[in-house]
Each structure stands twice: as structure tokens, then as C-alpha cells.
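Please open the model in your viewer and keep the sequence panel beside it. The tour below goes from stop to stop, saying at each one what to select and what is there.

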Amino acid sequence: MKPQHVDIAVIGAGIVGLACAYYLALSKRAPKLAVIDPLPPMSLTSAASGENYRNWWPHPVMTVFTDFSTDLMEAISNESGNRLHMTRRGYALATRQANPDELLRQLHEGYGPEGAGKIRMHRKGSKSSYQPAISAEWQTAPDGVDVIQDRDILERCFPTFDHDVATVLHIRRAGDISGQQLGSFMLERLRAKNGKVIRGRVVELSRTRNFTLTVLEEDSRTSLTADVVVNAAGPSVGDVAALLGEALPVVNVFQQKIAFEDVRGAIGRQMPFSIDLDGQAIDWTEQERAVLAEDPASAWLTKAMPGAIHCRPEGGDRGNWIKVGWAFNTTPSTPGADLPLDPNFPEIVLRGASRLNPSLKTYYGRLPSRLSHYGGYYTMTRENWPLVGPMKMDGAYVAGALSGFGTMAACATGALCAKWVHGEALPAFARPLSLARYDDKSLMQSLLEGATGVL
Ligand SMILES: Cc1cc2nc3c(=O)[nH]c(=O)nc-3n(C[C@H](O)[C@H](O)[C@H](O)COP(=O)(O)OP(=O)(O)OC[C@H]3O[C@@H](n4cnc5c(N)ncnc54)[C@H](O)[C@@H]3O)c2cc1C
């Protein structure tokens, strides 16, 4: 029997594959599309996302890219009656530094020359126009960044924060969405345009006149041909590239999160997504510290830990859950059938988060029973920028390495991928976000020198 033919086959039905298929399907050419995945859509990495978004980056390319993605998410929010539950209380980046010069330099660099007017300083005695994030509505939230160093404002607007915090950078074009709702919106629109979802794993991929994909579902194998293939296989993006004989410069790094019912009301429901930028030594008792230090497997928990632990309310103003995460792992590993969740992670992340919000100490050793501990892989390049654009083989494209920002960047990734595939005019950020950036030695050198972590 002749195999089924599609114009475009998208491999992977996570948020990135769905976004690529959605924006490809919106084209006037109305391509015949199939998305292939052995798992239910949105059930792998995309189900573990913290679902936060922001336009704060130390490099203008990433700022413009995520700003574009936010524009697209806002358009979907408007079109769907905010089905994706987009909120905008911002990101509050807290540090105990009274003069965080390097942070402010990065802030100015990230927002570029036009961004200077968006950065508002609130120092002691300055006539402050700071607007706290009372409403969660994205439509009415301010843009830009408030740099708050006035103690009165800090204590009034961030009452649960550690009193040693001297500076808060409140990034205003930032908040959270429901990634699951965004994914199902895209899937519905795709189906309405006759896009197909095929259940199965692509196990062979070759190209003669067009691509032939062998798809394995349980014990049955089927074939499919396609003119174009988009590799959006998340943590397996490298394995799918290998089926074409290509290597991608990506690794997978496992990260964990917890969400739990804040039964004691430790965190205010209006608190923005809050990040403690400062490194710390975890708050163990002397006895706990001694026990941990004795065992080589746990001694690291008594040493200096990195910053960027984060916490936010989950489930809206009337909910009572909170999410807490800390992407401290930096060791790449190979994803297997089971996630390597560390049973000690909930207590570790709780202790770490209590440094910025000491009210969380009430849960030491007695986290609520309604708790979810989950995780997934940050698929990332060394410089932590994504890969969106052509692969070496003609007709093959990659949309991957979305690390810890794939939910927020999915729309821009999908729209950009569609432009590459349809041969449309490309924005200035297209080349630096594609594999072509590796030919730009000076860009690569500057990225590797300044590579920063992600949230
Ligand atoms: C703990 C954690 C917190 C995060 N928090 C945030 C956040 O706050 N904000 C944010 O923007 N991002 C966040 N992220 C990142 C975000 O979740 C990811 O970047 C995003 O989900 C990646 O989507 P994806 O579609 O590339 O991958 P996935 O969701 O993993 O989808 C890939 C799909 O490809 C399929 N596949 C693989 N191989 C094949 C094959 N051979 N054939 C067919 N199908 C295949 C898989 O089954 C899978 O369904 C977080 C990630 C983690 C792990």
C-alpha cells in the first residue's frame, strides 16, 4: 500500500511542536499537516513547566524574541477570551545588594538602547510612581521595569520578603499562562484545519525525493512521506536529528519543582513570581548539617548553593496553592523511562525558598500532604539559546533546545519556524536563533562568556 503523504510532518506534540504546526497551518497555502507523537499531546516536558513568562534577558535578541512571543500570546488571549489564563503580576527579582551594578548593567543591555526609558528607579526620598501588582490583568499592567530600593516601598509591597533585601527589580511584562490551555487551543485550531495527530514514535527517517518516516505504535509500523519535516522532539531532538545523520549541540539537564497547598497562608496571593537572585547556604540545623556533611552523597547540600530559587502563588487570587522551583542541577544526563526525582527535593527547595520568604519556615519538616513533586528536562545548548530553523538536510527543520523558557517562547518559535519553512521574510533574530549562529564566532564567544542560568 502506498504510504500516506503530508506536506509537513511535525515530530513531537509538546507545546513547541503544536505551536509550529499551528503557525504552519495558519499559512494561506493551507499545507496538509501531521503531528506525530507516541504520547498524548502536552504530556512530557510541557506538563512540567512552571508556565511563567517574562521579557527580561541579558541579551536583546532574547528580549525581542520573547516580546514577540508575548505579543502572540496576547493575540490568542484576545481571540479566545483569555482561555490561556494569562496574568501579569511580573517577576520580582530580589537581592541583598544595595548597589547591584552588574545586574543593572545587564538590565540595560537586555532592553537595548530604546529600553532605557523603560527602567524606572525608586530610591529613598525619590517621588515614587511605583504601581504595585494589585491586579493580575495583563491588559492594564505597566510595561518596563521598576528598580525598587526604597525601604518603605519594599516593606509595603513585598511584606513577606526577607528584611535584608535591598533591591527588587520588578519586571512588568511578565507573569504566567496555562500552557495546557494554550496547547489545547492550538490543537483544536489545527484539527479544524484538517491537521492530523498520529500516535506513534518516529523510529526511522530518510530522504530521497521526499522524506519517509517510519512510525512505530506498539507493535505496528506504518510509513508516512512528507516534503518537510520539523523536529520538535523536546528531550529527543538530538535523537531525531541523529536519524538523519546529523548532530545537534544539545544536552538534557533534569530539573524539579514542587507545588503544594499553602494551608497556612504563608504567601500572599498577589505576590509576583519571586526570585531570590542571591546564592545561599541552606538553612539546616547544626545537627542536620552534620548528618548531611558526613555522607559524601549529601555533603553538597551543606555547601554554597546558587541563586535563582523561585516561588509564586498558583491557581489565582482565590486559590491556595504555591509553586516552588530551583534549577540548581547543571549535570547533563540521558532521559530514561522514569524521571530521577529526588525524594529530598521538596524539603531542600522549601528551605531554600524560605530565605526570601521566611514565612515558609512554618512548613519545615511538615510539608502539606497535598503536594505534587514533578520534573522534566531542560534541553539546552551550552549558550542556552534555542535552535529554530533549517537543519543541514534540505527540507528538515529544528525547533528545540527551549530549555527553561519553552512555554513562553513557543508561539514565537512556531511563528518563526513557519516563516523559515514557507520562505517568508525573516526577523533580525532568526539567524542568531538558528544553527547558523555557530558560524558567527564573535557572537558565540560573547554568548559563552556571558552564559547565564534560566528559570
Ligand atoms: C521543571 C521545569 C520548569 C519549567 N518552567 C518553565 C517556565 O516557567 N516557563 C517556560 O517558558 N518554560 C518552562 N520550562 C520549559 C518548558 O517546559 C519546555 O521548554 C517546553 O515544554 C519544551 O517543549 P517541547 O515541545 O520542546 O518538549 P516536550 O513537551 O517534551 O515535547 C516533545 C514531544 O516529542 C515527542 N517525541 C520525542 N521523540 C519522538 C519521536 N521519535 N517521534 C515522535 N515524537 C517524539 C515526545 O513524546 C514529546 O511529547 C520548564 C521546564 C521544566 C522541566
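A residue is called buried when its relative accessible area is under 20%, exposed when it is over 50%, and partly exposed in between, with a 1.4 Å probe and protein chains only. This is a predicted model, in which local features need pLDDT of at least 70 and side-chain atom pairs count only at pLDDT 80 or more, while totals for chains, interfaces and linings use all residues. Residues are numbered from 1 along each chain as its sequence is written, and side-chain values use heavy atoms, with hydrogens and water left out.

**Stop 1: a buried isoleucine**

Select Ile322, which lies in strand S16; strands (E, at least two residues) and helices (H or I, at least four) are DSSP runs numbered from the N terminus. Ile322 has a relative accessible area of 0% and is therefore buried. Contact here means heavy atoms within 4.5 Å, and, leaving out residues up to four places away in sequence, Ile322 touches a set of residues including Ile258, Phe260, Ile267, Cys311 and Leu360. If you then add Leu371, 49 residues from Ile322 along the chain, you will find the two C-alpha atoms separated by 9.7 Å.

**Stop 2: the sheet**

Next, colour the strands of the open sheet, which has 9 of them in the order S5-S6-S7-S4-S14-S15-S16-S13-S17, with mixed pairing; two strands pair if DSSP finds at least two bridges between them. Strand S5 (119-122) and strand S17 (371-380) are the edge strands, each pairing on one side only. From one strand to the next the twist averages 20°, where axes are lines fitted to C-alpha atoms (for helices, over the stretch in contact) and angles run from 0 to 180 degrees between N-to-C directions.

Select helix H3 (residues 101-111), which packs on this sheet and touches S4 (91-95), S5, S6 (145-148) and S7 (167-171), its direction making about 15° with that of S7. Then move to strands S15 (residues 309-314) and S16 (residues 321-325), which pair in the antiparallel sense over 5 bridges, with Gly325 in S16 as the bridge partner of His310.

At the S17 edge, S13 and S17 are paired in the antiparallel sense over 10 bridges, and Ala259 stands opposite Ser372 in S17. How many of the 10 residues of S17 are buried? The count is 7, so S17 is largely enclosed by the rest of the structure.

**Stop 3: an enclosed helix**

Now select helix H8 (residues 345-353), where 8 of the 9 residues are buried, so the helix is largely enclosed by the rest of the structure. Among the buried residues are Phe345, Ile348, Leu350 and Arg351, and the buried residues of H8 pack against strand S13 (251-261), helix H7 (286-294), S15, S16 and S17.

**Stop 4: the nonpolar cores**

A nonpolar core is a set of buried Ala, Val, Leu, Ile, Met, Phe, Trp, Tyr and Cys residues joined through side-chain atoms within 4.5 Å. The largest has 74 residues, of which Leu107 and Val230 touch the most other members, and helix H9 (residues 406-422) gives the most to this core, with 11 residues. Leaving aside neighbours within four places in sequence, the contacts of Val230 include Ile8, Val10, Leu24, Tyr397 and Cys417. A second, separate core of 35 residues includes Phe158, Trp284, Cys311 and Leu356.

**Stop 5: two helices against H9**

Keep H9 selected and add helix H1 (residues 15-25), which packs with H9 at an angle of about 40°, their axes 7 Å apart. H1 and H9 are therefore oblique to each other, since angles under 35 degrees count as roughly parallel, over 145 as roughly antiparallel, 65 to 115 as roughly perpendicular and the rest as oblique. Residues making this contact include Ile15, Ala19 and Tyr23 of H1 and Gly406, Ala410 and Val421 of H9.

Helix H2 (residues 60-80) and H9 pack at an angle of about 90°, with their axes 7 Å apart, which means that H2 is roughly perpendicular to H9. Here the contact involves, among others, Phe65, Leu72 and Ile76 of H2 and Met408, Ala412 and Leu416 of H9.

**Stop 6: two positive phi values**

Finish with Ser403, found in the loop between strand S19 (396-400) and H9, which has a positive phi of about 45° although it is not a glycine. Met42, in the loop between strand S2 (33-37) and strand S3 (52-54), has a phi near 65°, also a positive value in a residue other than glycine. Is Met42 buried or exposed? Met42 counts as buried, at 5% relative accessibility, and Ser403 counts as buried at 10%.
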